Amino acid sequence: LSRMLCLVQLLPVAMLFLQQACCDDLAGTPRQTLGLLFCNGSRVHSEVIYWRQVYADLEYISPIAPKTSRMQHQYITFDWDRAGMFNVLMVHENIPVIAHALGRTLVLPPETQLFHQDRGEGVGWKGVATKYEDLFDVDMLKRQRGLRVIGMEEFLEKEAVTGRLRDGRVPPSNSSRVREKALYDYLNETADERPTFGHSEHDRRDFYVALPGRWAPSDYRLKTLRRREQQRLAAFAGDRVPQFYDAPLRSAKHLHIPYWPPPFRILDHFYGKFFFADEDQQVYYRRFVRDNVRFADRFHCAADRMIQLIRADARRNNPQLAPQGEFYALHIRRGDKATDAGHVLTASEILDNLKRQDGSPLISSGSLVFIATDDPEGTCPTCIQKGKHCSEYAAEERPPGCPADPSWKAFEEAGWKLKFAKDYEPAGVFGGFHVKLHGVIEALVCGRAAAFAGSYYSTFSGYIHRLRGYHGLGEHNYFVDKDHVFDFQQQPLLGQGHSGWMREFPAGWLD
């Protein structure tokens, strides 16, 4: 009996060992550990699931973090990014990483108005408050043993209205419900330190954050790195400026990261912003983001429904070409930063760009192609030159920057069956979502396409590319831009010395 009890006690350890011995895309990831998705209260088995359940990771505590008791009294606060949704996501990926690594309590910001609200873009969006937990799966962060997560009101009640922040200053009206500008002005004024994780004001060089390893956790300036770590650091850093977790930052009770100005703004991929001397820790945080820092279930549930509809359409459209509902996807941007040269790509130009070296098309005639775009009607409403819409010019008078034909007609002539998000609105896939959040669902859909070509200089396309890497589809990532179509095949690695927010790199999803 005693031997049997001993075997029972050892069984969980043995299972964990077997899991860890069989790893796939990211080191330390056991196979057969797909994460959970719940839709309308029920567990759903869906192809949109890319995150994993790595139970050992839930117990991980950063080797450079202070003891748990001290974690309770050191905080990091931050402002929402005031640009698009995927810039907001970029901040949401970076801040939990640095909070977990440093062992600081992560304070989530309160609800706010998002997405260029000062410009009044989007029907009905101005004045609509968005809660953090409505966008992201906060519960996954709270499950981490090495990360304490609280809301802004709890932080203000405990530390602010009691006068425990710098100089004993209390928030306006001594209220824990202060919001928007008044709140962030207060956090800026009372923070002990505001780390500059963006770029240098003097020469515009980017910053990166350098952190020590477990064998020398107090070597905050990385003076005792071993040879391999020195080589890794040199490749990671390039000509960027290191930011060290020096004594003033370590001793600070309250760190605050503002959205603006640029030296503070974090507009970089998490895997290119933070260098960990411990290579295992570097890989751990890639798993940490993949498995715990993601959009809320409701977005994935809507994407799952939309993918099913698209696959059904693809089978009906061409059962021989798409027996399993195979479809393709593009992201074509007609507004801000349409291309690096400000040129608006036409459908015929994109067709010419999306060809292999032998001249064959990347997407065959007869394929169903889902297009994520800010111009579903193909009229290019943002195409305005010299105060006039491009359609008002005669062909011989058309100024540079005006596309000859903004329509999607060339795609149809190439034999593609086109689908847009608006085609699935009648099915109710966007029910309950503000129009400004539809792009999140479209991104998750594009992540499952047989091949995807995105727009350069787009964090939306970038996220899709990484998402596809998580799904094992990274080999079929492309760009619609002529000079970048095959970047993932020809320039697959993280660029020397910069994380390149304008695109993603396989370093984000591979070991």
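The side chains of D246 and R221 are joined by a polar contact of 2.6 Å. These two residues stand 25 residues apart along the chain, and their C-alpha atoms are separated by 7.5 Å. The model is predicted. D246 sits in the loop between β7 and α10 (247-251), and its relative accessibility of 25% makes D246 partly exposed. The points below cover the sheet, the helices and the charged pairs.

**The sheet**

- Three strands form an open sheet in the order β7-β6-β9, and their pairing is parallel.
- The edge positions belong to β7 (241-244) and β9 (274-276); each has a single partner strand, so one side of each has no neighbour in the sheet.
- Neighbouring strands in this sheet are turned by 35° against each other on average, with direction ignored.
- Strand β6 (residues 207-211) pairs with β7 in the parallel sense, over four bridges.
- In the pairing with β7, A210 has F244 as its bridge partner.
- In general, strands of a sheet pair through backbone hydrogen bonds, and the pairing can be parallel or antiparallel.

**Helices on the sheet**

- Helix α4 (residues 85-102) packs on the sheet and touches β6 and β9.
- The direction of α4 makes about 30° with that of β9.
- Helix α9 (residues 227-237) also lies across β6 and β9, and α9 runs at about 170° to β9.

**Helix α13**

- Helix α13 covers residues 297-317, which is 21 residues.
- At 1.5 Å a residue, helix α13 should span 30 Å; its end C-alpha atoms are 30 Å apart, so the expected span and the model agree.
- Helix α13 is mostly covered, with 15 of its 21 residues buried.

**Salt bridges**

- A search of the whole structure finds 31 salt bridges.
- One of them joins the side chains of D280 and R214, at 3.9 Å from N to O.
- This pair links distant parts of the chain, since D280 is in helix α12 (residues 279-292) and R214 is in the loop between β6 and α9, 66 residues apart.
- D280 counts as exposed because its relative accessibility is 54%, and the cut-off for exposed is over 50%.
- R214, at 48% relative accessibility, counts as partly exposed.
- Another salt bridge is formed by K273 and D268, whose closest N and O atoms are 3.0 Å apart.
- K273 is buried, with a relative accessible area of 0%.
- D268 has a relative accessibility of 6%, and therefore counts as buried, as the cut-off is under 20%.
- D297 and R294 form a salt bridge as well, with their closest N and O atoms 3.1 Å apart.
- Both residues of that pair, D297 and R294, are buried.
- E111, E153, R177 and R179 are linked in a network of salt bridges.

**Points to locate in the structure**

- For the sheet, start at β6, which has β7 and β9 beside it in the strand order, and then look for α4 and α9, each of which meets β6 and β9.
- For the loop after β7, find D246 and follow its side chain to R221.
- For the loop between β6 and α9, find R214 and its salt-bridge partner D280.

Conventions
Residues are numbered from 1 along each chain as its sequence is written. This is a predicted model: local features need pLDDT of at least 70, side-chain atom pairs count only at pLDDT 80 or more; totals for chains, interfaces and linings use all residues. Side-chain values use heavy atoms; hydrogens and water are left out. Two strands pair if DSSP finds at least two bridges between them. Helices (H or I, at least four residues) and strands (E, at least two) are DSSP runs, numbered from the N terminus. Axes are lines fitted to C-alpha atoms, for helices over the stretch in contact, and angles run from 0 to 180 degrees between N-to-C directions. Contact means heavy atoms within 4.5 Å. The expected span of a helix is 1.5 Å times one less than its number of residues. Buried means under 20% relative accessible area, exposed over 50%, partly exposed in between (1.4 Å probe, protein chains only). A polar contact is a pair of N or O atoms within 3.5 Å; within protein, one must be able to donate a hydrogen and the other to accept it, and residues adjacent in sequence count only if both atoms are side-chain atoms. A salt bridge is a side-chain nitrogen of Lys or Arg within 4 Å of a carboxyl oxygen of Asp or Glu.
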